[in-house]
Amino acid sequence: MSERMTAGKPRGSHRRKTGVLVHGYNLHAGQWEDVAWGAPPERIGRVPMGVFVALSEQADVMVFGSGASEKDGLLESEATERLLWERFDELAGFAVLRKHLPELKHPDSTGTYRERIESILHLDRASRNTREEIARAGRIFVDRDIERVILVSSPTHMPRCLRDACTIYGEDSGMSGLLQGLYAVPSVTGYPGYAAGDVAIFEPPHRPDRPGLDPSGVVARVHDVPVNARNRFVQRLDDLLSEFGV
């Protein structure tokens, strides 16, 4: 976000109340802590990026999702919160926080920032997937008169987050106002072994120079293939693509 802007509006304008949603990451997924936290100075994960956004944008609410997985007696959001407090003093090691929030290096300021995050943090213990995370956070934001929403997740997850947020907030009249101030900030860390360029996106037809059937609806059905049949399906799909020389 532009340094010439304050909370999304030119300096001197009314500050829009801001809510930040830091998407959860399955506790049993590969390299959970690396994706959630990252490694300073440059590989900033979802949690420190969420804290940076919340502090620099003067957020009024920050939500940690979700409750989709559990490990060692903690749900995702609870494990994320524990990670944050255990490593809070390490935030200044990330280059972007050190540059824009240099006070983090000083103990007195660290305590102030921690109190600020504690005062706005909300844990989502109920959502089971990305769509539910967005919907539950949306209701929290509406209840608190939030006017601007910032999603924080991995670059490998962010396209789906934005799609689902546009869908959910667009379909619910009570949350439709959130679309007028919807933003996304990716972390550096993503699914192990993958980068943003590995995300496959199939848009509905919109170019007259590319006639033919709509592949987006067909591709979307892949998600409905039963889990126990997916390996066989992917192999047959790969064979089919090879038949077409791709």
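This section describes the nonpolar cores, a buried threonine, one helix and the internal cavity of a predicted model.

The largest nonpolar core comprises 39 residues, and Val20, Met62, Leu84 and Ile117 have the most contacts inside it. Both helices and strands contribute to this core: at least two residues each are supplied by helices H1 (32-36), H2 (46-56), H3 (76-86) and H5 (107-120), and likewise by strands E3 (18-22), E6 (61-65), E9 (121-124) and E10 (148-153). The greatest contribution is that of H2, which provides seven residues. The surroundings of Met62 illustrate how these parts of the chain meet. When residues up to four places away in sequence are not counted, Met62 touches Val20 and Val22, as well as Gly50, Val51 and Ala54. The remaining partners of Met62 under the same criterion are Ile117, Ile120, Leu121 and His122. A second core, separate from the largest, contains 19 residues, including Leu21, Val63, Ala165 and Tyr169.

Strand E3 also contains Thr18. This residue counts as buried because its relative accessibility is 0%, under the 20% cut-off. Two polar contacts of the Thr18 side chain are described here. One is directed to the backbone oxygen of Arg16, at 3.2 Å. The other, at 3.1 Å, links the side chain of Thr18 to that of Arg148. With neighbours within four places in sequence left aside, Thr18 is in contact with Glu57, Ala59, Asp60 and Val61, and also with Ile146, Arg148 and Ile150. Arg148 thus appears both as a side-chain polar partner of Thr18 and among the residues in contact with Thr18.

Helix H9 spans residues 230-243 and consists of 14 residues. The distance from its first C-alpha to its last is 20 Å, close to the 20 Å expected at 1.5 Å a residue. Gly245 follows H9 and has a positive phi, near 80°.

A search of the whole structure for cavities of 30 Å³ or more returned one. The largest cavity has a volume of about 40 Å³. Its lining is formed by Val22, His23, Gly24, Tyr25, Trp32, Ala36, Arg46, Val47 and Thr80. Helices H1 and H2 are the elements that give two or more residues to this lining. Both helices also supply at least two residues each to the largest nonpolar core. Val22, one of the lining residues, is in addition among the residues touched by Met62.

How values were computed: Residues are numbered from 1 along each chain as its sequence is written. This is a predicted model: local features need pLDDT of at least 70, side-chain atom pairs count only at pLDDT 80 or more; totals for chains, interfaces and linings use all residues. Side-chain values use heavy atoms; hydrogens and water are left out. A nonpolar core is a set of buried Ala, Val, Leu, Ile, Met, Phe, Trp, Tyr and Cys residues joined through side-chain atoms within 4.5 Å. Buried means under 20% relative accessible area, exposed over 50%, partly exposed in between (1.4 Å probe, protein chains only). Helices (H or I, at least four residues) and strands (E, at least two) are DSSP runs, numbered from the N terminus. Contact means heavy atoms within 4.5 Å. A polar contact is a pair of N or O atoms within 3.5 Å; within protein, one must be able to donate a hydrogen and the other to accept it, and residues adjacent in sequence count only if both atoms are side-chain atoms. The expected span of a helix is 1.5 Å times one less than its number of residues. On a 1 Å grid over the protein atoms alone, a cavity is a set of points where a 1.4 Å probe fits but cannot get out, and a pocket is an open set with protein on both sides within 12 Å along at least five of seven lines; lining residues have an atom within 4 Å of a point. Grid points are joined across faces, edges and corners, and a volume is the space filled by probe spheres set on the points.
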